[in-house]
Each structure stands twice: as structure tokens, then as C-alpha cells.
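Please read the notes below alongside the sequence and the coordinates. They begin with confidence and then turn to the fold, the contact between chains and one helix.

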Amino acid sequence: MKNLKLKAARAALDLSQQELADRVGVSRQTINSIEKGDYNPTIRLCIAICRALGKTLDELFWEEA
Amino acid sequence: MNISYFHGIVVGILVVVVIALVLRKNMDKGKEKPQYDERQLLARGRAYMWAFWSLLCYVALLGIAGEEMRIVQENILAFLMIGVCISCSVFGIYSVWNDAYVQVGRNSRGYMVLTAVLGAMNIVAAFMMTVGHISHGEVFPVSVIVNLMLGALMLAMSLTLFLKYRAERRGEEG
């Protein structure tokens, strides 16, 4: 399932996928895969992304029922 | 076994060992630490799995073919080397296709050029060896197949890197 919340949070800070990838120390393709829902990140990477975007885990990764 | 063929294999192995030692030394100094992110490590694990299975299937088929075919029995080292080349290529192509071959923050253009040059060198070497053997009135040597195979697989790898690079440039934020 696509992670639109992550994409929206990134766009709100006017960050490109590459810029976010550089901030969390992964490749651009990894950020792209997470946004597209092709890859489930580990909790460590989720936390790094949340910190980089100033959001909580719930805000970015919790799926509403 | 042909002595010059044996020398070629020894020199090839020595070159790989020297390059590996130089890279290792640089890694220890912290200059060239390989850095793959978690998704890349996962994809590389799957690439190793497919490379392992492809080598296993090839060796099994080679064993069956070796029972009947004299050409396999007489050139077992060459045929085993072809298996190693196939296995390495499976790993490389799978990794490239899943964006896990090039480390984080690195560009694939260097790898693209390197594999293209190595592929062309092997094909030229195979061609020169064939011409040399035929001009001496000998038959087509099986050892040439190793160079041909290596050349073809290197070029396939380079082409995969190029296709991936082009796709990447087209859909930056895809």
C-alpha cells in the first residue's frame, strides 16, 4: 500500500526524495520504494525518517483501519 | 592442460587477489567502507541466493553432461569457470535491477564503463586466441569459450547498468 502520508510530509518540507535519503543515510530508491509501498522499512529506519521530517511514527506509518 | 592456459588462469586469480587485498586495506583505513542500506542488503541477500541456486543447477547439469560428453571431461576447468561466470552475473544483474549493486551515494557510471571495457577486452582476447590457434592449424579451443562467456556476461552487466541508469534519470521522483 502506498505511503501517501510520508510523501505529503516530505513535500510539505519541500524536500526531494534524494534530500530525505541523504538525511537518513539511505539510497533515493529506498525512499521511493517506501513511498510506493514496495518495501517495509525496519523500525530503526522509520524512526530516522520521522526525526528527519519532524513527525511521529503514528503520523507517518500508522495505517487507519 | 595447455601450459599457457594454466598461466592465464594463475595470472587472472592473482590479479583478483591483489585487487581484493588493496580494497581490503583501504576499507581498514576507513577510506572505502562499503555502505549499503537495509533494503539493498536484503536485495543483495536474494541476489546471492539466486546466484547460489544457478551455480548449483549448472554444476548438476555439468555433472550429468560430463558422464557422456568427452569435451566436458577434457575441459572440466573451463566448464567450471563458465559456471562461476554465470553465477557472478546472476548476482550482479539481480543486484543492479534491484538498485542494490551500487553503494549509497555512489554513481553507477564508473561500474558501467569498467564492465564494458572488461567485456570488450575479453571478447578481443577470445578473438585473438582463436585466430592464433587457427593460423597454427589447430582446432577451435574450448578455453576461448571462457573468455567469450566472460565478455558476453560483462557486456550484459554493462547493458543492465545502462538501462537502469537511463530509467533512473527518466523517473527521478517516480
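1. Within chain A, the confidence of the predictor in each residue (pLDDT, on a scale from 0 to 100) is lowest in helix α5 (residues 57-61), at a mean of 91, and highest in helix α4 (residues 43-53), at 95. Chain A as a whole averages a pLDDT of 91, and 98% of its residues score at least 70. Helices (H or I, at least four residues) and strands (E, at least two) are DSSP runs, numbered from the N terminus.

2. This is a predicted model, in which local features need pLDDT of at least 70 and side-chain atom pairs count only at pLDDT 80 or more, whereas totals for chains, interfaces and linings use all residues. Residues are numbered from 1 along each chain as its sequence is written, while chains are lettered from A and ligands numbered from 1 in the order in which they are written. The model scores ipTM 0.87 and pTM 0.79.

3. For chain B the mean pLDDT is 84, with 87% of the residues reaching 70 or more. Helix α1(B), residues 3-28, has the lowest confidence in that chain, at a mean of 75, and α2(B) has the highest, at 93. Where pLDDT is low, the predicted coordinates should not be read in detail.

4. Chain B contains six helices and zero strands, and of its 174 residues 24% count as buried, that is, with 20 or more other C-beta atoms within 10 Å of their own (exposed is 12 or fewer, partly exposed in between; C-beta atoms are placed from the backbone). Its domain assignment, whose bounds come from an automatic or database source, gives domain 1 (1-30) and domain 2 (38-169), and the C-alpha centres of these two domains of chain B lie 17 Å apart.

5. Where the chains meet, eight residues of chain B are in contact with 12 residues of chain A, contact meaning that two C-beta atoms, placed from the backbone, lie within 7 Å. The side of chain B that touches chain A divides into one nonpolar, two polar and five charged residues; here Ala, Val, Leu, Ile, Met, Phe, Trp, Tyr, Cys and Pro count as nonpolar, Asp, Glu, Lys and Arg as charged, and the others, Gly among them, as polar.

6. How many of the nine residues of helix α3 (28-36) of chain A are buried? Eight are, among them Arg28(A), Ile31(A), Ile34(A) and Glu35(A). Their cover includes α1 (4-12) and α2 (17-24) of chain A together with α2 (38-68) of chain B. After α3(A) comes Gly37(A), whose phi is positive, near 80 degrees.
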